[in-house]
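Dear colleague,

I am passing the structure below on to you, together with some notes that you may like to read with the coordinates open in your viewer.

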Amino acid sequence: MTRRSWRAALVLGPLALISGCGKTAPTAEPPAAGGAPAHTPQVLRYGNTAEPQDIDPQVVQGVPEMHIITALFEGLVEADPKDLHPIPGLASSWEISPDGLVYTFHLRDNIKWSDGSPITTDDFLLSWKRMISPRLASEYAYLIYNFVKGAKDFYEGKTTDFDQVGLKAPDPRTLQVTLNSPIPFLLKVIANHYAWDALPIKVLLRYGALEDRSTQWTHAGNFVGSGPFMLKEWVPQERIVVVRNPNYWDTANVRLDEVDFLPTEDIDAEERMFRANQIDRTQEIPLSKIDVYKREHPELIHIDPFLGVYFYRCNVTRPPLNDKRVRKALALAIDRESLIRNVTHGGQLPAYAVSVPGNVGYTPRARITGTLDDARRLLAEAGYPGGSGLPTIQLLYNTSAANKQIAEAVQEMWRKNLGVNIELLNQEWKVYLDSQHTHNFQMERAGWIADYPDPHVFLEIFETGNGNNDTLWSNAAYDSLVHQALRAKDEATRYEIYQKMDAILVDECPVIPMYYYTRPYLMSTRVKGYSPNLMDNPFFKTIHMED
Amino acid sequence: MIRFVLQRLLQTIPVVWVIITATFFMIRFVPGGPFTAERAVTPEIMRNLEAHYGLNKPLYRQYLDYCSSILHGDLGPSFKYPTRTVNEIIAEKLPVSIQLGLLSLCVALGVGLPLGILAAVKRNTWIDYVCSSFAMVGICIPTFVMGPLLILVFAIHFGWFNASGWYSPIDRVLPSLTLGSVYAAYVARLTRGGMLEVLSQDYIRTARAKGASESRVILRHALRGGLTPVVSFLGPAIAGIVTGSFVIETIFQIPGIGREFINSAFNRDYTLVLGTVVLYAGFIIGMNLVVDVIQVWLNPKLKFE
Amino acid sequence: MKPAESERGHSLWSDAWHRLRRNRLAFAGGIVLIVLALACAAGPVFSQSYEEQNLDLGAVPPSREHWLGTDTLGRDLLARTLYGGRISITVGLVATFVALAIGVTYGAVAGFLGGKVDAVMMRIVDILYALPFAIFVILLMVFFGRNIFLLFFAIGAVEWLTMARIVRGQVLSIKKMEFIEAARALGLGRRRIIFRHLIPNVLGPVIVYTTLTIPAVMLLEAFLSFLGLGVQAPMSSWGVLIKDGSEKMEEFWWLLVFPGALFSLTLFSLNFLGDGLRDALDVRASKD
């Protein structure tokens with residue numbers, strides 16, 4: 001090449017590279033200029049944290065996936081956007097037998113999949129069969145098999161005859177669910193969790209066997225759903241676009257035309273995207289910006305209550321945490337109000353009990369109460385006056401800016417108030433989870449978020465042998481209360497049992513509750529009709545955009 | 001030279017095989033697996049999941065299966081995103097990272113080389129200090145600071161760019177400036193150092209004595225030898241830059257393969273880890289070969305050995 | 001008769017030292033580095049506590065009580081920066097030294113011996129480049145726990161690779177030169193040639209790359225603390241302080257600016273010192 005062509009290449013090369021595929025960023029459509037007022041497409045651009053693993057409701061467990069699934073599928077029963085009580089979804093009505101064992105659902109007339117074919121009882125039965133089939137290995141299968149008669153045997157492979165399972169269709173418009181024992185919150189589960197959603201079986205079978213995982217049926221172009229929206233486009237790590245489903249039975253009441261889900265993995269980048277008007281709503285806000293927004297743009301920041309609790313989990317088999325006086329002392333020596341005011345900033349509620357208050361009418365009465373003097377006294381009684389002689393406690397947390405700040409603040413509180421010195425250890429997410437599941441920790445930061453709005457969700461995990469009871473704490477009285485609660489004859493009785501359970505947890509402190517979560521996020525003032533709720537369900541049906 | 005290249009390509013085979021084997025066993029000994037999740041997974045579900053992905057077979061069997069599928073060019077399905085295959089993921093994301101990488105390289109060379117040469121030629125004068133200092137900016141301001149800074153100023157305050165994304169040509173500007181600035185610093189400093197080594201050589205003095213113009217002396221004679229350290233550095237650096245930068249892709253939300261290198265490890269996505277490692281190995285080996293060839297071309301005294 | 005002062009023979013190293021002293025910028029750089037190191041080593045003794053929190057105060061800009069301001073937990077930034085400097089400077093120097101020692105020797109041997117040995121050695125380098133670093137570090141922590149030496153090892157294990165390649169490249173280009181041939185002709189042993197003749201002549205780019213490696217090491221340490229290796233809270237390092245500060249730079253600019261300024265100051269000083277060293281050791285530089 002001649003020298004001149006070298007120079008030309010040097011200049012043109014980069015220009016050629018810059019002009020790659022020219023896609024446009026999702027922007028809000030400007031109003032149509034002049035002429036008759038055209039219908040401006042109503043597009044909600046929704047920051048959704050991570051790229052979803054899949055959008056098949058039976059093989060996912062994450063929150064980003066849940067947001068997309070609520071747009072694409074509807075259940076038999078849905079949740080009321082204001083207070084989450086069960087309202088008709090694909091089922092127009094239902095009856096519960098007097099003994100609470102049989103639920104009969106009547107399907108609405110004229111319900112269709114997004115490809116126009118009718119939704120039938122077969123779709124439901126085969127979907128439920130798929131959900132509890134061992135080969136599919138769905139992580140949420142227990143939300144069916146723990147309740148339904150014969151389902152657990154089917155799941156464990158003891159029988160392959162689905163007729164043995166209490167899921168039947170007595171006629172083409174009716175579904176009948178028979179339970180092992182009365183489950184007071186079954187409708188809440190079905191209304192708030194996608195585990196019971198029906199899938200388009202004919203479509204699934206086009207791309208593989210019924211129990212095959214992760215086939216091509218969820219790709220754009222193949223996908224069919226039952227919800228207010230349907231999948232139009234899926235560009236990995238860029239966006240998922242869902243558009244109005246004209247075959248949805250209630251589409252007349254859906255005002256949004258399109259929702260764009262953007263994977264905004266980095267919390268700081270997400271906030272910048274919001275400011276640059278690339279998204280209309282974020283999932284989180286960086287901690288340091290919460291106060292700034294509250295001060296300068298209070299119309300943009302929202303802090304919704306959320307059904308979750310942040311706590312420090314103690315491994316009660318390891319000294320010195322095997323002594324409940326030590327645990328109680330540590331629990332008392334944390335200034336939760338200061339933590340929330342100065343460190344977490346998100347208007348969270350301090351937690352003095354495990355159960356989240358205001359959870360569909362349940363508020364725990366038990367509280368961890370005591371002064372710093374009480375804490376010091378307990379510690380001395382346990383044999384460590386002023387903290388002397390206490391073996392080192394290591395506090396494990398998964399790497400995150402917020403966890404680190406909270407841990408540092410608590411470390412200092414314990415040092416100043418009790419003379420207890422703890423060691424902090426952060427581990428990468430999977431290593432941290434592995435440490436948790438193999439109980440290779442003394443104390444670790446943890447959170448628990450409800451799958452459905454019922455106090456049972458927070459209390460059942462402390463039963464002996466429960467897979468999520470990584471504290472290894474075991475209390476026979478508590479265990480029997482768990483079973484009693486499930487057999488309670490009405491909600492009031494059940495809630496009283498939960499009060500007793502919370503009291504035991506407050507007394508024993510296998511975990512040290514810190515605060516109840518809130519969901520701080522940013523949302524543009526153009527978004528109207530959003531229903532804040534305890535389950536972080538986006539309820540896209542109620543939203544519309546205004547310019 | 002052909003013999004040299006062929007020899008190197010032949011050596012590639014055992015190298016890649018060692019890399020695959022080492023990585024395969026490394027990722028399986030790390031705590032936590034692809035299905036480790038916050039909610040406890042019951043032993044039955046874990047068993048069934050592992051059966052589905054073939055993780056319940058004995059380790060050597062899994063290894064052999066993987067090797068044979070690689071020989072067919074099939075890198076397997078991703079564990080984290082099971083509806084997509086590793087081949088698909090790489091095919092979608094690599095071109096993005098290559099674009100970003102090459103643009104950053106243009107910035108790095110376009111800024112770094114002139115600064116380095118100027119600094120060397122005007123050694124210990126104020127021009128040298130200014131050029132060296134300017135080059136240092138790329139290292140003093142780490143990418144995770146410079147990126148957000150550029151976004152805050154030019155995208156949010158002035159509104160000239162998107163805050164993130166990879167949609168239109170203009171989105172290439174801020175990320176490549178950020179990534180390029182770091183490499184520009186290395187290029188400038190190594191060029192200056194290399195040039196200084198050469199500028200004091202006898203043959204340079206001879207060229208000057210013979211009456212060659214200064215620019216000819218520099219560009220024709222000094223640059224060849226002076227570029228040696230930069231070229232050695234650029235081999236692995238280019239492999240790194242075109243396989244994407246985790247930090248840049250996260251800050252600017254760019255759908256490149258750089259994020260997957262780190263994320264696949266964090267997700268314990270066995271197949272994607274192996275796929276990205278094989279990809280990177282290919283680039284490293286290729287670039288080191290290219291660099292070695294260029295070294296000989298630059299310095300005719302060397303021979304292919 | 002005694003030779004005149006100016007004609008007394010000087011060794012390479014004393015020669016170099018004299019030339020370095022005369023380079024004012026390099027000398028200044030060296031002084032700044034020593035001052036910084038002393039400040040970080042001794043300063044924390046006199047300053048406030050780096051871990052004492054004042055939650056209600058939160059992050060405040062520089063004031064008379066806190067010369068560099070405080071962080072979001074109300075801790076004094078000056079103390080934290082000085083403490084962080086201890087960690088960063090130590091890690092920077094030790095890990096880089098490890099990388100240097102391994103990389104220079106490896107690269108020189110490979111370049112000098114050439115042929116099959118060089119090919120095998122360089123292929124090993126290729127293999128080590130390609131292995132996933134995050135997994136490697138996590139494995140190290142599984143087997144060896146988390147201690148500071150592991151940090152040095154992990155960083156050194158990654159940084160020596162490019163150093164080796166650069167040294168090898170330099171060695172290849174000078175090993176055909178006359179003075180090396182002369183040394184060979186004189187029958188000098190290979191080790192002597194490598195260490196007394198080859199390496200001193202490739203020091204130039206090595207010094208430059210070292211001054212670039214030290215900051216890279218400091219930032220790499222911040223990444224490793226993400227994995228749980230390295231300093232644990234409440235202790236910090238410049239890399240971590242800068243990372244934390246960059247996330248809050250709009251609200252609390254001092255959290256980024258001050259640690260960043262000290263980091264940059266260290267880099268610039270290292271740089272000028274390095275350049276001066278390079279000049280001083282350049283045996284072929286004219287004396288003008």
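What follows is an account of what was found, taken topic by topic.

Please keep in mind throughout that this is a predicted model.

I begin with the contact between chains A and B, where 45 residues of chain A are in contact with 42 residues of chain B. On the chain A side, the helices α1 (3-18), α8 (267-275) and α14 (429-437) each supply at least two residues, and the largest share, six residues, comes from α14(A). By character, the chain A residues that touch chain B divide into 13 nonpolar, 17 polar and 15 charged.

Next comes a sheet in chain A, an open one in which four strands are arranged in the order β4-β5-β7-β6, with antiparallel pairing. The edges are taken by β4 (91-96) and β6 (167-171) of chain A, and each of these has a single partner strand, so one side of each is left without a neighbour in the sheet. On average, and with direction ignored, neighbouring strands of this sheet are turned by 25 degrees against each other. Within the sheet, strand β5 (residues 102-107) and strand β7 (residues 174-178) of chain A run antiparallel and are joined by five bridges; if you would like a place to look, T104(A) stands opposite Q176(A) in β7(A). Helix α3 (residues 121-131) of chain A packs on this sheet, where it touches β5, β6 and β7 of chain A, and the direction of the helix makes about 165 degrees with that of β6(A).

Turning to the interior, the largest nonpolar core has 322 residues, and those with the most contacts inside it are L72(A), I144(A) and V309(A). The largest share of this core, 19 residues, comes from helix α8 (residues 190-227) of chain C. Leaving aside residues up to four places away in sequence, I144(A) touches W128(A), M131(A), I132(A), A151(A), A195(A) and W196(A).

Two loop residues of chain A also deserve a note. I279(A) lies in the loop between α8 and α9 (287-296) of chain A, and this residue is buried, because 28 other C-beta atoms lie within 10 Å. With residues up to four places away in sequence again left out, I279(A) touches R45(A), Y46(A), G47(A), L262(A), T264(A), M273(A) and F274(A). From I279(A) to M501(A) there are 222 residues in sequence and 43 Å in space, C-alpha to C-alpha.

The other is H193(A), found in the loop between α6 (186-192) and α7 (201-207) of chain A. H193(A) counts as buried because it has 20 C-beta neighbours inside 10 Å, 20 or more being what the term requires. Under the exclusion of residues up to four places away in sequence, H193(A) touches L143(A), D451(A) and Y452(A), while its C-alpha atom is separated by 24 Å from that of Q216(A), 23 residues apart along the chain.

Finally, there are two helices outside chain A. Helix α7 (residues 173-199) of chain B has a kink of about 30 degrees centred on S181(B), and this helix is mostly covered, with 25 of its 27 residues buried. In helix α7 (residues 178-185) of chain C, the number buried among the eight residues is zero, so this helix lies largely in the open. After α7(C) comes G187(C), whose phi is positive, near 85 degrees.

With best wishes

Definitions and conventions. Residues are numbered from 1 along each chain as its sequence is written. Chains are lettered from A and ligands numbered from 1 in the order in which they are written. This is a predicted model: local features need pLDDT of at least 70, side-chain atom pairs count only at pLDDT 80 or more; totals for chains, interfaces and linings use all residues. Two residues are in contact if their C-beta atoms, placed from the backbone, lie within 7 Å. Ala, Val, Leu, Ile, Met, Phe, Trp, Tyr, Cys and Pro count as nonpolar, Asp, Glu, Lys and Arg as charged, and the others, Gly among them, as polar. The bend at a residue is the angle between axes fitted to the seven residues ending there and the seven starting there. A residue is buried if 20 or more other C-beta atoms lie within 10 Å of its own, exposed if 12 or fewer, and partly exposed in between; C-beta atoms are placed from the backbone. A nonpolar core is a set of buried Ala, Val, Leu, Ile, Met, Phe, Trp, Tyr and Cys residues joined through C-beta atoms within 7 Å. Two strands pair if DSSP finds at least two bridges between them. Axes are lines fitted to C-alpha atoms, for helices over the stretch in contact, and angles run from 0 to 180 degrees between N-to-C directions.
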